[in-house]
Amino acid sequence: MSHQQLDDLNIESQDVLITPRALKEKLPLSDQAADTVYRGRQQIRDILDRKDPRLFVVIGPCSIHDPKAAMEYAERLKTLAAKVDDALFLVLRVYFEKPRTTVGWKGLINDPYMNDSFKVEDGLNIARKLLLDVADLGLAAATEALDPTTPQYIQDLISWSAIGARTTESQTHREMSSGLSGPVGFKNGTDGSLDVAVNAMLSVRHPHRFLGIDPDGRVALTTTKGNQYAHVVLRGGGGKPNYDSVSVALAESALEKAGVSTNIMVDCSHANSNKDPGLQPLVMENIGNQILEGNTSIVGLMVESHLKEGNQKIPANLDELEYGVSVTDGCIGWDTTEQAIVNLADKVRDTLPRRVRD
Ligand SMILES: O=C[C@H](O)[C@H](O)COP(=O)(O)O
Ligand SMILES: C=C(OP(=O)(O)O)C(=O)O
């Protein structure tokens with residue numbers, strides 16, 4: 001009796017993609033870009049080590065779908081960053097990979113033309129080119145590391161990475177993060193649970209061994225050294241925020257009990273603003289007040305912001321897309337962003353002398 005086909009029954013096709021090495025040769029790191037990334041990572045590490053008393057703020061669109069609008073935003077952010085640089089280190093949020101609750105557009109790398117054509121190789125090219133342009137401008141970039149093979153293509157241009165609420169508990173993502181070259185923030189779970197993020201801290205600092213790809217795209221046993229610059233990100237969940245001073249104090253004691261450093265970032269968006277982007281400035285103000293009142297565990301903030309406020313559905317006719325408006329979660333617009341950042345800097349500035357640790 002002949003065998004029935006048993007594997008690949010649900011695989012439609014497989015297409016070989018450009019290798020990480022070939023993409024990097026095509027779009028190489030310039031000296032300016034390398035300097036931006038080196039300095040960006042170092043400034044965040046210094047903030048996490050409390051050698052630098054400032055806050056770092058990961059700020060920008062929920063997702064990148066239009067590189068032109070992203071660069072216009074980056075240029076504005078660069079000017080704003082220089083104005084508040086004594087109190088805040090602004091890092092551009094450059095998210096190319098979107099984790100979906102069920103289904104939906106999965107981001108620029110997965111479907112760069114937003115028409116279900118899934119031209120992933122084009123997506124990788126566009127993403128790397130945009131990151132190069134941002135780094136050449138002198139702005140540090142942050143992204144969500146979602147697909148475990150993507151870092152090989154773009155991580156040399158990333159200063160800070162997030163592991164999202166839907167993947168913080170995933171062993172694959174903890175292993176990948178243990179090998180990332182820059183600091184990494186783990187969100188609490190979508191149900192609000194902090195345990196998964198605290199457990200991630202305990203995992204990611206250790207070496208791991210797992211299947212990865214090498215620069216030539218070959219499957220490779222990957223052995224990591226462990227990442228000593230991981231921290232938690234409070235993003236709320238289960239219908240409740242967790243940026244208030246009581247939640248922050250509870251997070252501090254959970255981290256202390258686990259024996260890991262009490263570095264906390266607050267995501268002003270997602271469940272911390274009940275997905276109402278207009279509430280983000282209130283969260284920022286609240287964090288500024290907590291810092292004024294003596295909090296030293298909060299080291300960073302995340303804000304979803306774009307050229308224009310709100311969001312839009314991806315239209316069937318892409319000519320109808322409104323320029324500078326998010327196609328995923330709603331964002332605050334530029335004027336609100338500028339004001340909220342200046343207000344935050346004013347509060348943090350007064351606290352700088354007492355935030356440095358010896
Ligand atoms: O930040 C973006 C979204 O909150 C995340 O990707 C989940 O989106 P969804 O619930 O619309 O799928
Ligand atoms: C998906 C995101 O957040 P979270 O994982 O907290 O839902 C995000 O920041 O884009």
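This report describes the fold, core, helices, loops and ligand shells of a predicted model.

## Overall fold

The chain of this predicted model contains 10 helices and 10 strands. Its C-alpha atoms occupy a box of roughly 75 × 50 × 45 Å along the principal axes. A compact globule of 358 residues would have a radius of gyration near 21 Å, and the 20 Å of the chain therefore agrees with that expectation.

Of the 358 residues, 45% count as buried. Among the contacts in the chain with a separation of 6 or more, 68% are between residues 24 or more positions apart.

## Nonpolar core

The largest nonpolar core has 87 residues. Leu88, Val91 and Ala141 are the residues with the most contacts inside this core. Apart from its neighbours within four places in sequence, Ala141 contacts Val91, Leu92, Val94, Leu131, Val134, Ala135, Leu157, Ile158 and Ser159. One of these partners, Val91, is thus itself named among the residues with the most contacts in the core.

Strand S3 (residues 141-144) holds Thr143. Thr143 counts as buried because 26 other C-beta atoms lie within 10 Å, where the cut-off for burial is 20 or more. Beyond residues up to four places away in sequence, Thr143 touches Val94, Tyr95, Phe96, Ile158 and Ser161. Val94 and Ile158 are contacts of Ala141 and also of Thr143. The C-alpha atom of Thr143 is separated by 9.7 Å from that of Ile154, which is 11 residues away along the chain.

## Helices H6 and H7

Helix H6 (171-178) is mostly covered, with 6 of its 8 residues buried. These are His173, Arg174, Glu175, Met176, Ser177 and Ser178. The list includes the charged residues Arg174 and Glu175. The buried residues of H6 pack against helix H5 (151-154), strands S4 and S5, helix H7, strand S6 (209-213) and strand S8.

In helix H7, which spans residues 195-204, the buried residues are Ala197, Ala200, Met201 and Val204. They cover an arc of only 105° around the axis, so they are on the same side of H7. The elements covering these buried residues include strand S4 (160-163), helix H6, strand S5 (184-187), strand S8 (230-234) and helix H8 (245-258). S4, S5 and S8 appear in the surroundings of H7 and in those of H6.

## Loop residues

Met114 belongs to the loop between strand S2 (88-93) and helix H4 (120-137). Asp116 is found in that loop as well. Most residues other than glycine have a negative phi. Met114 is not a glycine, yet its phi is positive, at about 50°. Asp116, also not a glycine, has a positive phi of about 60°.

The two residues fall into separate burial classes. Met114 has 17 other C-beta atoms within 10 Å and is therefore partly exposed. Asp116 has 7 other C-beta atoms within 10 Å and is therefore exposed. From Asp116 to Leu318 the C-alpha distance is 12 Å, although their positions lie 202 residues apart in sequence.

Leu29 is in the loop between helix H1 (20-26) and helix H2 (31-48). With 18 other C-beta atoms within 10 Å, Leu29 is partly exposed. Setting aside residues up to four places away in sequence, Leu29 touches Ala34 and Asp156. Leu29 and Gly138 are 109 residues apart in sequence, and their C-alpha atoms are 13 Å apart in space.

## Ligand shells

Around ligand 1 are Cys62, Lys98, Pro99, Arg100, Thr101, Gly104, His270, Thr328 and Asp329. This shell divides into 2 nonpolar, 4 polar and 3 charged residues.

Ligand 2 is surrounded by Cys62, Tyr95, Pro99, Glu144, Gly164, Ala165, Arg166, Lys187, Arg235, Asp267 and His270. Its shell comprises 4 nonpolar, 2 polar and 5 charged residues. Cys62, Pro99 and His270 occur in the shells of both ligands. Tyr95, in the shell of ligand 2, is also one of the residues touched by Thr143.

Terms used
Residues numbered from 1 in each chain as written. Chains lettered and ligands numbered in written order. Predicted model: local features only at pLDDT ≥ 70, side-chain atom pairs only at ≥ 80, totals over all residues. Helix = DSSP H or I, 4+ residues; strand = E, 2+ residues; numbered from the N terminus. Rg over C-alpha atoms; globule rule 2.2 N^0.38 Å. Buried ≥ 20, exposed ≤ 12 C-beta atoms within 10 Å, placed from the backbone. Contact = placed C-beta atoms within 7 Å. Near = placed C-beta within 6 Å. Arc of directions from axis to C-beta. Core = buried A, V, L, I, M, F, W, Y, C linked by C-beta atoms within 7 Å.
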